[in-house]
Amino acid sequence: MLLLDVGKTSEPQRENRSLLNSDPLNRARELANLHPDILICGAISLALENALLGSGIQVVGFVCGNVEEIVEAFLRGDISDSRFLMPGSCSKRRRVRLRDR
């Protein structure tokens, strides 16, 4: 996965990481330990998504495309553009789920 820190400089800091766990709860815990605010992903299981939301991580699912274009769209606030919608998904299946505040 690609981690971006977009708050400290004009150019996001980047780091490639791998998650070691496959169990949804352990995977969510492993990701939460990295302290992200948001996860942008393709397909995601409901169990993992709920675990991430419970950890305070916002989830934008069913996103696909060129990583650099997705990063640019996210930074512009255009991540909901239909060109990033995973094939076979209709706009109703696009999930942007926010943590409870």
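Colleague: In which sense does α1 pass α2, as a right-handed or a left-handed crossing?

Modeller: The sense of a crossing is read by looking along the line that joins the two helices, and in this predicted model α1 passes α2 in a right-handed crossing. The two helices, α1 with residues 24–32 and α2 with residues 46–54, pack at an angle of about 40 degrees, and their axes lie 9 Å apart.

Colleague: Which residues of α1 and α2 meet each other?

Modeller: On the side of α1 the contacts come from Pro24, Leu25, Arg27, Ala28 and Leu31, and these meet Ala47, Leu48, Ala51 and Leu52 of α2.

Colleague: Before going further into details, how many helices and strands does the chain have, and in what order do the elements run?

Modeller: The chain holds 3 helices and 5 strands, and, read from the N terminus, its elements follow the order β-β-α-β-α-β-α-β. As for burial, 29% of the 101 residues count as buried, while the chain exposes about 6,700 Å², of which carbon and sulfur atoms supply 49%. If one takes the contacts between residues at least 6 apart in sequence, 37% of them join residues at least 24 apart.

Colleague: Let me try a single residue, then: is Leu3 buried or exposed, and what does Leu3 touch beyond its sequence neighbours?

Modeller: Leu3, which lies in strand β1, has a relative accessible area of 18%, and because the limit for a buried residue is under 20%, Leu3 counts as buried. Leaving out residues up to four places away in sequence, Leu3 touches Gln13, Arg14, Glu15, Arg17 and Leu34. A separation along the chain can also be set beside a separation in space: Leu3 and Leu39 are 36 residues apart along the chain, and their C-alpha atoms are separated by 9.2 Å.

Colleague: Two of those partners, Glu15 and Arg17, carry charged side chains, so how should I read a salt bridge, and what is the N to O distance between Glu15 and Arg17?

Modeller: The general idea is that side chains of opposite charge can pair when their charged atoms come close. In this case the side chains of Glu15 and Arg17 meet in a salt bridge with an N to O distance of 3.1 Å, where Glu15 is partly exposed at 38% relative accessibility and Arg17 is partly exposed at 33%.

Colleague: How many salt bridges does the count come to, and which residues are linked in a network?

Modeller: The count comes to 5 salt bridges, and the network links Glu69, Asp81 and Arg83. Within it, the side chains of Arg83 and Glu69 meet at 3.8 Å, N to O. This pair links distant parts of the chain, since Arg83 belongs to the loop between α3 and β5 (95–97) and Glu69 to helix α3, 14 residues apart. Arg83 is partly exposed, with a relative accessible area of 48%, and Glu69 is likewise partly exposed, with 39%. Another of the salt bridges joins Arg76 to Asp78, with the closest N and O atoms 3.0 Å apart; here Arg76 is partly exposed at 47% and Asp78 at 35%.

Colleague: Turning from charge to nonpolar surface, which residues form the nonpolar patch, and which elements each supply at least two of its residues?

Modeller: The patch is formed by Leu2, Leu4, Val6, Val67 and Leu75, which together have about 370 Å² of accessible area. Both β1 (2–5) and α3 (67–76) supply at least two of its residues, whereas Val6 lies in the loop between β1 and β2 (13–16). Val6 is partly exposed at 39%, and Val67, a residue of helix α3, is partly exposed at 47%. Val67 and Leu2 are 65 residues apart along the chain, yet their C-alpha atoms are separated by 9.0 Å.

Colleague: Finally, I would like to look at backbone torsions: where is His35 found, and what is the phi of Phe62?

Modeller: His35 is found in the loop between α1 and β3 (38–40), and its phi is near 60 degrees, a positive value in a residue other than glycine. Phe62, in the loop between β4 (58–61) and α3, also is not a glycine and has a positive phi of about 65 degrees. Their surroundings can be read from accessibility: His35 counts as exposed at 65%, whereas Phe62 is buried at 6%.

Definitions and conventions:
Residues are numbered from 1 along each chain as its sequence is written. This is a predicted model: local features need pLDDT of at least 70, side-chain atom pairs count only at pLDDT 80 or more; totals for chains, interfaces and linings use all residues. Side-chain values use heavy atoms; hydrogens and water are left out. Patches are made of residues with over 30% relative accessible area and no salt bridge: like charges are joined within 9 Å, nonpolar side chains (Val, Leu, Ile, Met, Phe, Trp, Tyr) within 5 Å. Accessible areas come from the Shrake-Rupley method with a 1.4 Å probe; for residues, only the protein chains shown count as cover. A salt bridge is a side-chain nitrogen of Lys or Arg within 4 Å of a carboxyl oxygen of Asp or Glu. Helices (H or I, at least four residues) and strands (E, at least two) are DSSP runs, numbered from the N terminus. Buried means under 20% relative accessible area, exposed over 50%, partly exposed in between (1.4 Å probe, protein chains only). Axes are lines fitted to C-alpha atoms, for helices over the stretch in contact, and angles run from 0 to 180 degrees between N-to-C directions. A crossing is left-handed if the near helix is turned anticlockwise from the far one by less than a right angle, and right-handed if clockwise. Contact means heavy atoms within 4.5 Å.
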